[in-house]
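Thanks for sitting down with this one. Let's go through it together, asking at each step what earns a label its place.

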Amino acid sequence: MNLHEYQARHLLGEFGIPFPAGEVATTPDEARAIAQRLGGGGGGGGPVVVKAQVHSGGRGKAGGVKVAKDAAAAAEHAARILALTINGMPVRKVLVVPAVDIASESYVGVIVDRASQRPVLMVSPAGGVDIEEVAARTPERIHRLTVDPRYGLLAHQATTLGFQLYRELAQVRAAADIMQRLYAAFYGLGASLAEINPLATTTGGEIVALDAKLVIDDNELERRPEIAALRDPAAEAPAEVRARAAGLSFIKLEGSVGCCVNGAGLAMATMDLVKFYGGAPANFLDIGGSSSPQKVVAALEIITDDLAVRAILFNIFGGITRGDDVANGIVQATAQVPLKVPLVIRLTGTNEAEAVAILTAAGFSALTDMDEAVQRAVALAQAPA
Ligand code: GDP
Ligand code: MN
């Protein structure tokens, strides 16, 4: 689950990470009032930064982060930013924070690393808006440390990383302290990513966190209701909100082959095979072990709403799930949801012969071979309209 910056800085603030004070506005007038109160220059009214609160990186580049010299300018920037859509997400809230005079920007983040199956701390003296580019072009400027979760991030490790960012001992210590707190927050909040970019040095030599990103592992939410309550469905992709309500695991991707699969492992294998045969999956979708027609209907609605989908591929392995039940589910669902693109169905396992008979009778091409079905779906998705 993604959190907004204002939520992330609140949670990280509870772990002792220093952020400038800030408040959220939903209108230009509210932004003006906050700037009046919190703006720099002693006694408020001075410069502030107005920041779009959307689940998307690169807000700065998209015009979603603006420095305003006073409260009137803050209201103007807020009006403009609240009218923006950034990477498909309409901006509904802005964060208003006192502006800081930045001397330099670093990057500090913790992620779960697949290769080592451990948390990895990443730091770079080249922080700011383009850490992806630093990683791609000058990877030697990103320093990593694999953390042993039994011990956490130890003081001497954090200090060593601090020296990758700063020369002055007080700054090294301040950065090391922030790293240890960030790691503690990452671990304590059940995050899969915790990031501060920029970790800024002010012209006065202080070190402050100016941006925060937290992604919470969905599997942690059940035992952390107070974090689950921070979910903002209005800021999420509508398809993902619908999929969650229907009990489907769904992740939107960029390709044109809509995939509807039972079981997460098979869903991933299906996506691999789509890629292998030169196509691109439009989504990951696991309808789960049941053959409930309601789930199939919801899945089909979500997939057919995606205008990038040029062909739909069902890949069903009947185990305890009976193939004929699934086939009936597909027939019922497609009767309710009119299809605008071709559908390829591969179905095997329990009661496969009955299932293929039901589907063929309903006019679908039902296959039992996975390679054949995937190749056909890829070809249909790539055929000229
Ligand atoms: P992102 O683009 O979504 O990562 O948004 P950030 O919150 O990281 O802001 C982008 C950039 O805006 C930062 O890297 C800074 O260069 C700049 N910025 C953010 N806050 C301040 C501030 O208080 N003062 C100044 N001068 N620049 C800021
Ligand atoms: Mn940032």
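**How the labels are earned**

A: Let's begin with one residue: tyrosine 277 has a relative accessible area of 24%, which puts it between the 20% and 50% cut-offs, so it is called partly exposed. Please keep in mind that this is a predicted model.

Q: What makes phenylalanine 276 exposed rather than partly exposed?
A: Exposed asks for over 50% relative accessible area. Phenylalanine 276 has 62%, so it counts as exposed.

Q: Why is the pair of phenylalanine 276 and tyrosine 277 called edge-to-face?
A: Two values decide it. The ring centres of phenylalanine 276 and tyrosine 277 lie 5.1 Å apart, and the limit for a pair is 6.5 Å. Their planes make an angle of 75 degrees, and over 60 counts as edge-to-face, so the name fits.

Q: How many aromatic pairs are there by this rule, and which residues form an aromatic cluster?
A: The count comes to 3 aromatic pairs. Tyr183, Phe186 and Tyr187 form one aromatic cluster.

Q: Which residues come nearest to ligand 1?
A: There are 16 residues around ligand 1, and Lys51, Arg59, Gly60, Val100 and Glu105 come nearest. By kind, the shell divides into 8 nonpolar, 4 polar and 4 charged residues.

Q: How do you know that lysine 51 makes a polar contact with ligand 1?
A: The cut-off for a pair of N or O atoms is 3.5 Å. A polar side-chain atom of lysine 51 lies 2.6 Å from an oxygen atom of ligand 1, so the pair qualifies.

Q: What do the backbone atoms of valine 100 and asparagine 197 add?
A: Valine 100 has a backbone N or O atom 2.8 Å from a nitrogen atom of ligand 1. For asparagine 197, a backbone N or O atom lies 3.0 Å from an oxygen atom of the ligand. Both distances are within 3.5 Å, so both are polar contacts.

Q: How much of ligand 1 does the protein cover, and which elements give two or more residues to the shell?
A: On its own, ligand 1 has 560 Å² of accessible area, and the protein covers 82% of that. The elements giving two or more residues to the shell are strand S2 (48-52), strand S7 (102-113) and strand S10 (191-202).

Q: What makes the peptide bond between asparagine 197 and proline 198 cis?
A: Its omega is about 10 degrees, and the bond is listed as cis. Proline 198 is found in strand S10. Most peptide bonds are trans.

Q: What is the sign of phi in asparagine 87 and glutamine 117?
A: Asparagine 87 has a phi near 50 degrees, a positive value in a residue other than glycine. Glutamine 117, also not a glycine, has a positive phi of about 55 degrees. Most residues other than glycine have a negative phi.

Q: Where do these two residues sit, asparagine 87 and glutamine 117, and why is each called exposed?
A: Asparagine 87 is in the loop between strand S4 (85-86) and strand S5 (89-90), while glutamine 117 is in the loop between S7 and S8. Their relative accessible areas are 60% for asparagine 87 and 68% for glutamine 117. Each is over 50%, so each counts as exposed.

Q: Why is aspartate 306 called buried?
A: Aspartate 306 is at 16% relative accessibility, under the 20% cut-off, so it is buried. This residue is found in the loop between helix H10 (293-305) and strand S16 (311-318). A polar atom of its side chain lies 2.9 Å from the backbone nitrogen of alanine 308.

Q: Which residues have the most contacts inside the largest nonpolar core, and which element gives the most to it?
A: That core has 38 residues, and those with the most contacts inside it are Leu12, Ile17, Leu121, Met179, Leu182, Leu199 and Leu214. H6 gives the most, with 10 residues. In soluble globular proteins, nonpolar side chains tend to be buried together.

Terms used:
Residues are numbered from 1 along each chain as its sequence is written. Chains are lettered from A and ligands numbered from 1 in the order in which they are written. This is a predicted model: local features need pLDDT of at least 70, side-chain atom pairs count only at pLDDT 80 or more; totals for chains, interfaces and linings use all residues. Side-chain values use heavy atoms; hydrogens and water are left out. A residue is near a molecule or strand if one of its heavy atoms lies within 4 Å of it. A polar contact is a pair of N or O atoms within 3.5 Å; within protein, one must be able to donate a hydrogen and the other to accept it, and residues adjacent in sequence count only if both atoms are side-chain atoms. Accessible areas come from the Shrake-Rupley method with a 1.4 Å probe; for residues, only the protein chains shown count as cover. Helices (H or I, at least four residues) and strands (E, at least two) are DSSP runs, numbered from the N terminus. Ala, Val, Leu, Ile, Met, Phe, Trp, Tyr, Cys and Pro count as nonpolar, Asp, Glu, Lys and Arg as charged, and the others, Gly among them, as polar. Rings of Phe, Tyr and Trp (its six-membered ring) pair if their centres lie within 6.5 Å; planes under 30 degrees apart count as stacked, over 60 as edge-to-face and the rest as tilted. Buried means under 20% relative accessible area, exposed over 50%, partly exposed in between (1.4 Å probe, protein chains only). A nonpolar core is a set of buried Ala, Val, Leu, Ile, Met, Phe, Trp, Tyr and Cys residues joined through side-chain atoms within 4.5 Å.
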